[in-house]
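Reader: I am new to this structure and would love a guided tour of one small part of it. Could you pick a good starting place, look at it closely, and then show me what lies around it?

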Amino acid sequence: MHAVHRSFPLFRSRRLRRTPALRALVREHSLSPDDLIWPIFVRAGEEMREPVASMPGVERLSVDLAVGAARHAQELGIPVIALFPYTDPAKKTEDCAEAWNPDNLVNRATRAIKDSVPDIAVMLDVALDPYNALGHDGLVRDGEVLNDETLEALRKQALGHAAAGADILGPSDMMDGRIRAIRSALEDEGFKHTAIMSYAAKYASAFYGPFRDAVGASGALKGDKKTYQMDPGNSDEALRLIAKDLSAGADMVMVKPGMPYLDICRRVKERFGAPTFAYQVSGEYAMIRAAAQNGWLDVDKAMTESLLAFKRAGCDGILTYFAPMVAEALG
Ligand code: PBG
């Protein structure tokens with residue numbers, strides 16, 4: 001960039017801040033409904049909606065209501081919804097077999113949504129934690145989260161989700177080698193159009209707490225996920241992981257959590273120029289909501305500002321529980 005130095009009063013930065021029209025004219029980044037992926041929690045039953053206590057404004061929806069939410073998303077111009085299951089504890093096992101049950105909650109919801117709202121894209125997480133009696137993203141033996149054995153389970157899960165009609169798979173488990181394993185399974189079985197958005201730089205974060213409540217994984221999980229999710233002190237490692245996942249067949253990459261890791265978003269976008277997303281996770285959402293409930297900040301303004309930050313950091317889009325609210329605010 002060529003810097004021109006003009007000193008006061010030739011230069012007055014306030015000239016272009018004086019009116020909304022002038023500010024709009026020179027604004028560098030903006031937010032649009034096209035940038036949004038809306039994560040939705042799905043539960044069993046019919047006409048059931050159940051609030052998630054730690055995420056004000058977020059509900060678990062039965063499949064029929066999830067279809068309604070998909071329609072609402074489409075009306076608002078949101079291109080993608082991501083479905084997460086609240087699995088009946090009786091269906092959680094140590095072998096996580098419910099993950100590849102063709103009729104599990106998210107597979108049923110995906111089919112129902114694709115039937116009634118065919119144009120919205122559906123994204124499904126590939127990870128075992130919602131199905132695991134032990135709460136981890138991988139299979140566990142003698143206290144160890146097993147890497148290679150988990151890959152086979154993830155391949156089966158991914159194929160079930162692709163067969164149900166998922167447009168995008170989001171491997172979020174952080175096992176080594178998962179992208180290559182899933183991509184080769186998809187190619188072998190003829191799912192050549194299924195896109196992968198890798199949760200490539202996913203940190204072992206305290207900000208996932210409310211999500212684990214929402215999917216009912218908090219009770220099951222003993223310990224933490226530090227042996228597979230990234231250490232919050234690392235930055236170069238994120239670039240190495242992203243490079244690996246892109247070369248293993250990921251179409252898009254994600255950084256997670258979002259706001260505390262905007263530096264990573266910027267580095268990833270600059271280095272690879274690939275479609276880059278951030279997940280504004282449950283804890284980030286809960287913080288803004290909780291402060292707003294106390295009257296400590298304006299939820300609409302804090303929401304919009306927090307999401308715009310991702311665009312400024314170089315992200316192409318954001319997974320956010322605010323998606324319908326911000327899409328409405330954007331008109
Ligand atoms: C599961 C998964 C998690 C999230 C998305 N997929 C939780 C975790 O890794 O423990 C977190 C999303 C959020 O906090 O909003 N692998």
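Author: What follows starts at one loop and the helix after it, then moves outward.

First, some reading notes. Residues are numbered from 1 along each chain as its sequence is written, and side-chain values use heavy atoms, with hydrogens and water left out. The model is predicted, so to speak of local features a pLDDT of at least 70 is needed, side-chain atom pairs count only at pLDDT 80 or more, and totals for chains, interfaces and linings use all residues.

Let us begin with Met 175, which sits in the loop between E8 and H5. These labels follow DSSP runs numbered from the N terminus: helices are H or I runs of at least four residues, and strands are E runs of at least two. Met 175 counts as buried because its relative accessibility is 3%. Here buried means under 20% relative accessible area, exposed means over 50%, and partly exposed is in between, with a 1.4 Å probe and protein chains only.

What does Met 175 touch, not counting residues up to four places away in sequence? The list is Gly 138, Val 145, Leu 146, Asn 147, Thr 150, Leu 151, Leu 154 and Tyr 228, where contact means heavy atoms within 4.5 Å. Take Gly 138: Met 175 and Gly 138 are 37 residues apart in sequence, while their C-alpha atoms are 7.6 Å apart in space.

Another partner, Thr 150, belongs to helix H4. Thr 150 is buried because its relative accessible area is 0%. Beyond its neighbours within four places in sequence, Thr 150 is in contact with Leu 128, Asp 137, Gly 138, Leu 139 and Met 175. Gly 138 is therefore a partner of Thr 150 as well as of buried Met 175.

Asp 137 leads us to the ligand. A nitrogen atom of the ligand lies 2.8 Å from a polar side-chain atom of Asp 137, and for Ser 172 the distance from a polar side-chain atom to a ligand nitrogen is 2.9 Å. The side chain of Asp 129 has an N or O atom 3.3 Å from a ligand nitrogen. Taken alone the ligand exposes 400 Å², and the protein buries 100% of that; such areas come from the Shrake-Rupley method with a 1.4 Å probe, and for residues only the protein chains shown count as cover. Altogether 18 residues surround the ligand, the closest being Lys 202, Arg 212, Lys 256, Ser 282 and Tyr 321; a residue is counted if one of its heavy atoms lies within 4 Å of the molecule.

Now for helix H5 (residues 178-188). Its buried residues are Arg 178, Ile 179, Ala 181, Ile 182, Arg 183, Ala 185 and Leu 186. The cover over these residues includes strand E5 (121-126), helix H4 (148-164), strand E8 (168-171), strand E9 (195-202) and helix H7 (236-247). After H5 comes Gly 190, with a positive phi near 85 degrees.

Side chains of opposite charge can pair when their charged atoms come close. Arg 178 of H5 does this with Asp 173, in a salt bridge of 3.4 Å, N to O; the term means a side-chain nitrogen of Lys or Arg within 4 Å of a carboxyl oxygen of Asp or Glu. Arg 178 is buried, with a relative accessible area of 4%, and Asp 173 is buried too, at 0%.

How many salt bridges does a search of the whole structure find? There are 17. One of them joins Asp 316 and Lys 269 at 2.8 Å, N to O. Asp 316 lies in the loop between helix H10 (299-312) and strand E12 (317-320), and Lys 269 in helix H8 (residues 262-272), so this pair ties together parts 47 residues apart in sequence. Asp 316 counts as partly exposed because its relative accessibility is 33%. Another bridge links Arg 111 with Asp 103, whose closest N and O atoms are 3.7 Å apart. Here Arg 111 is partly exposed at 31% relative accessibility, and Asp 103 is partly exposed at 47%. Arg 43, Glu 50 and Arg 60 are linked in a network of salt bridges.

Methods: Polar contact = N/O pair within 3.5 Å; in protein donor to acceptor, adjacent residues only side chain to side chain.
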